[in-house]
Every structure is written in C-alpha cells, then in structure tokens.
Amino acid sequence: MKVLVCGRGQLGAELARTCPDSVELVHLGRDALDIADAGQVDRVVAELKPAAIINAAAYTAVDKAETDADAARAGNEVGPANLARAAANNGSYLLHISTDFVFDGTANTPYLPDAPVAPLGVYGQTKLAGEVAIAESGLSHWAILRTAWVFSALGNNFVKTILRLAADRPKLTIIADQIGSPTCAKHLAKTCWLAVNHQLQGIHHCTCDGVASWYDFAMAIQELGAARGLLSGTCDIAPIRTEDYPTPARRPHYSVLSNASLREQLPEAPSVYWRKALAEMLDELANR
Ligand SMILES: NC(=O)c1ccc[n+]([C@@H]2O[C@H](COP(=O)([O-])OP(=O)(O)OC[C@H]3O[C@@H](n4cnc5c(N)ncnc54)[C@H](OP(=O)(O)O)[C@@H]3O)[C@@H](O)[C@H]2O)c1
C-alpha cells in the first residue's frame, strides 16, 4: 500500500520510523510538497496516486499565529482542504491530525469528539477550519485524530525546552492551572498507521493516558531527566497561574480529551500512561 505522509515535524518523523513494512512510504516535507499550494498538491497526489495520505503538516506556532493569521490559515485550513480535494479526486483515504485547542477549556470532564468547539485563538480557529474543510469536502473516506501536548525525541517540544532551561537556570516558574494529557508522538504515529490500515472514519481523540498540568509535566521531566543523567545540578521549579505568564494566545485551562471512541474503534491502539511514555523518550535521549 502506497502512503503519502506530509510534514517532517515531530509526528512526521515518528511516522517515518514506525512505518509498517507493508507500506510503501512517500514522505514529503514542505520543500517537496507545500500543502497550501493547490496546484502542487493536485499534481503530486495525481502522480503518486497513494492509497492513503497522512497529513502531519501544520502551522503549530500557537502564539505567533495571533499576528501571522494568513500563514496559519494557509497551513491549517487551506492545506487540509487541498489534501481533501486531491484525495477525493484520486480515491485516497485521508488521515488528518488536529488539536485540543479547538475547545475553550471550560469543561471539567474529558472532551468527547462531538463536544461543542470554541477555539480561543487563531491557531485553534484555523485548525478547526481545517477539520470543517475535510468534513465538508465530499471525501468519503477520512478520519481526524485530535491530539494534545505532543513530545518526541525527534523535534522541538516542551520536554526539550525544560531540559535546556533547567540545566541553565537556578529557578523556573511553570503554569500549574492548565491541565491536559502529554502525548508521545511515537505512540500517536503507531495509532495513525492502525487508523490507515483499518480505514478509521470520523473524528476521534488520541492522547496518552492520564492528565497533568504543565507544572506537573515539568516536575516529571526534571525528575526522570535527572535519573538518566540528562540534568545535573538542581533547578527550583515553582508553580504559577496563567495570569502570571501572559502570552499572545489564550490557551484552554482544561483540554483533556476522551479517547473512548478511538478505543472502541481501534482496540489495538497503544494505551500508554504519559509518564511511562516520557520515561521512554528520555531513555532514548540518554542513549544517544
Ligand atoms: N505539537 C503539539 O503539541 C501539538 C498539540 C496538538 C496537536 N498537534 C497537531 O499534531 C500535528 C503534528 O504536530 P507536530 O508536533 O509534529 O508539529 P511540528 O513538529 O511543528 O511539525 C509540523 C511540520 O509541518 C510543516 N509544515 C507547516 N506548514 C506546511 C506546509 N504548508 N506544507 C508542508 N509542510 C508544512 C512544518 O514545516 P516548517 O518547519 O517548514 O514550518 C513542520 O515540519 C499537527 O497537526 C498539530 O497541529 C500538535
């Protein structure tokens, strides 16, 4: 089965290294395929005629998006719309990745896929517009996996930022009143391959198990990182409130996603507690 993977970020890299032997992988970064370029998308997909497309490309700079809305829209709305049209024209299945930031974070129980959406910023608005573009494209075989707080040994993320800052600074303050589920890109990638194999349909959520605040996450990174020799010395990490750390984009206070529909549709999808997944990632960094 030929599969086109778009995007060479954290998830794109993990999709490449978890690709099943049965898949003929065509993995294109922005240099070879800009998903916002309609003509290029049409040409590349018509030429490759992939059985499936996985879209791991996105504009992910949440704060920058507030002042760079056109670029965010190009990557997150126009790109998915282009891929959906090309997939429909060539009979391809489309798996797209979206975000917890489509929700406003006012819930206090895990969000189900059909919970009301109300993004707080440009990133979430454009990601939601990308979901809508796919759902309304007329494409018959597609799925969207919403994920959250993604980390991987490959690429830039919160884990690597904390390791760097905790090594350099005597004290860090980290937000403790935003709650979510840190998610390992490797396990997300494995679920993507299962989704393609089973032609999963509709919108589902896919995160690691368990919840944390950014503060809890940072404390775990410090503890597990130090145990693996990735940190020396001691950095004092203190909890703060969202209002004590103003950012251009507002973020949901609670963005825990329910994985229940995914578990029902794909029972064999990996189910991993986030701390265990974090330990695996840090093992990988330590063994490099
Ligand atoms: N990271 C998170 O915490 C998080 C949380 C929730 C959901 N998600 C979603 O998960 C998915 C994967 O995220 P990730 O963490 O792997 O992101 P990432 O590491 O930022 O990678 C995104 C990749 O997309 C590429 N890209 C952007 N615009 C493109 C375009 N027009 N054409 C082709 N490639 C383009 C970027 O290339 P450039 O470097 O050239 O821009 C980058 O390589 C995304 O859909 C994201 O919205 C991520």
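Is D244 buried, partly exposed or exposed? With a relative accessibility of 40%, D244 counts as partly exposed, because the partly exposed class sits between the 20% and 50% cut-offs. Keep in mind that this is a predicted model.

D244 has a charged partner, too: a salt bridge links D244 to R241, with the closest N and O atoms 3.1 Å apart. R241 is also partly exposed, at a relative accessible area of 44%. Elsewhere, salt bridges with shared partners join E14, R17, E284 and R288 into one network.

Let's look at part of that network. E14 pairs with R17 in a salt bridge whose closest N and O atoms are 2.7 Å apart. Both residues belong to helix α1 (residues 10–17), where they are 3 residues apart, or about one turn of the helix. As for exposure, E14 is buried, at 1% relative accessibility, while R17 is partly exposed, with a relative accessible area of 40%.

Then there's E131 and R146, whose side chains meet in a salt bridge at 2.8 Å, N to O. E131 comes from helix α4 (residues 122–135) and R146 from strand β5 (residues 142–147), so this pair ties together parts 15 residues apart in sequence. Both E131 and R146 are buried.

Here are the pairs in brief:

| Salt bridge | N to O distance |
|---|---|
| E14 and R17 | 2.7 Å |
| E131 and R146 | 2.8 Å |
| D244 and R241 | 3.1 Å |

How many salt bridges turn up in the whole structure? The search finds 13, including the one between E14 and R17.

Key:
Residues are numbered from 1 along each chain as its sequence is written. This is a predicted model: local features need pLDDT of at least 70, side-chain atom pairs count only at pLDDT 80 or more; totals for chains, interfaces and linings use all residues. Side-chain values use heavy atoms; hydrogens and water are left out. A salt bridge is a side-chain nitrogen of Lys or Arg within 4 Å of a carboxyl oxygen of Asp or Glu. Helices (H or I, at least four residues) and strands (E, at least two) are DSSP runs, numbered from the N terminus. Buried means under 20% relative accessible area, exposed over 50%, partly exposed in between (1.4 Å probe, protein chains only).
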